[in-house]
Amino acid sequence: LSCANFFFDEQAMSHRCGGTTAPREATPEVQQLADQVKADLESRLKKTFHNYVAETYATQVVAGINYFIKVSVGHHDYIHLRVFKGLDQSVSLHSYQDGKSAMDPLDYF
């Protein structure tokens, strides 16, 4: 399949297939995606997050969409999430980067 065959959402329309967008302010949809993978993240890290706020995000069109999300988890601590949303609308936590700060850029990982 080529990227031209994919159904693109509003956020993904702004960049070419394969590249990531510039980070921008998180939307309610992005917070929902982060919320959907919160339990998986807490399980992997063996932590519970009382503060969990998506602040910025970038996207990458693949066979679906990768969302790179910067999440504030309190006490000036951040986690970067890589969340995959498939063409079938399934959502999964692909990977994460723990121990981030507000100053750390949200890059591809």
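**A guided reading of the chain**

Asp98 has a relative accessibility of 37% and therefore counts as partly exposed. The model in which this value was computed is a predicted one. Asp98 is a convenient point of entry, for its side chain takes part in a salt bridge with Lys47, in which the closest N and O atoms are 3.5 Å apart. Lys47 belongs to the loop between α1 and β2 (53-62), whereas Asp98 belongs to strand β5, so the bridge ties together parts of the chain that are 51 residues apart in sequence. Lys47, with a relative accessibility of 39%, is likewise placed in the partly exposed class.

To place this contact, the reader may turn to the overall plan. The chain contains 1 helix and 5 strands, and from the N terminus on these elements follow the order β-α-β-β-β-β. The 5 strands make up an open sheet, arranged as β1-β2-β3-β4-β5, with antiparallel pairing. At its edges stand β1 (24-25) and β5, each of which pairs on one side only. The salt bridge described above thus involves an edge strand, because Asp98 lies in β5.

Two of the strand pairings can be followed residue by residue. At one edge, β1 and β2 are joined in the antiparallel sense over 2 bridges, and Arg24 has Tyr57 in β2 as its bridge partner. At the other edge, β4 and β5 are paired in the antiparallel sense over 7 bridges. Within this pairing, Phe84 is found opposite Ser92 in β5. The hairpin of β4 and β5 has 4 residues between the strands, and Gln89 in this hairpin adopts a positive phi near 75°. For the reading of any such strand, a general remark is useful: side chains in a regular strand alternate between the two faces of the sheet.

The helix is connected to the sheet by a further charged pair. In total the structure contains 4 salt bridges, and one of them joins the side chains of Lys85 and Glu29 at 3.4 Å, N to O. Here, too, distant parts of the chain are linked: Lys85 lies in strand β4 (residues 77-86) and Glu29 in helix α1 (residues 28-45), 56 residues apart. Which class of accessibility does Lys85 fall into? Its relative accessible area is 16%, so Lys85 is buried. Glu29, for its part, has a relative accessibility of 25% and counts as partly exposed.

Another salt bridge, between Lys38 and Glu42, has its closest N and O atoms 4.0 Å apart. Both residues lie in helix α1 at a separation of 4 residues, about one turn of the helix. Why is Lys38 classed as partly exposed, but Glu42 as buried? The boundary for a buried residue is under 20% relative accessible area; Lys38 stands at 21% and Glu42 at 17%, so the two fall into separate classes.

A charged side chain may also be placed against an aromatic ring. The charged end of Lys70 sits over the ring of Tyr78, at 5.6 Å from the centre of that ring.

Contacts between aromatic rings form the next topic. A pair of such rings is described by the distance between the centres and by the angle between the planes. The count of aromatic pairs comes to 4. One of them, between Phe68 and Phe109, is edge-to-face, with 5.7 Å from centre to centre and 70° between the planes. This pair again links distant parts of the chain, as Phe68 is in strand β3 (residues 64-74) and Phe109 is in the segment after β5 (91-100), 41 residues apart. Both rings belong to buried residues: the relative accessible area is 1% for Phe68 and 17% for Phe109. Together with Tyr108, Phe68 and Phe109 form one aromatic cluster.

The totals for the chain complete the picture. Of its 109 residues, 44% are buried. Among contacts between residues at least 6 apart in sequence, 48% join residues at least 24 apart; the pair of Lys85 and Glu29, 56 residues apart, is an example of a link between distant parts of the chain. The accessible surface of the chain amounts to about 6200 Å², and carbon and sulfur atoms account for 53% of this surface.

Definitions and conventions: Residues are numbered from 1 along each chain as its sequence is written. This is a predicted model: local features need pLDDT of at least 70, side-chain atom pairs count only at pLDDT 80 or more; totals for chains, interfaces and linings use all residues. Side-chain values use heavy atoms; hydrogens and water are left out. Rings of Phe, Tyr and Trp (its six-membered ring) pair if their centres lie within 6.5 Å; planes under 30 degrees apart count as stacked, over 60 as edge-to-face and the rest as tilted. Buried means under 20% relative accessible area, exposed over 50%, partly exposed in between (1.4 Å probe, protein chains only). A charge sits over a ring if NZ of Lys or CZ of Arg is within 6 Å of the ring centre and within 35 degrees of the ring normal. Contact means heavy atoms within 4.5 Å. Accessible areas come from the Shrake-Rupley method with a 1.4 Å probe; for residues, only the protein chains shown count as cover. Two strands pair if DSSP finds at least two bridges between them.
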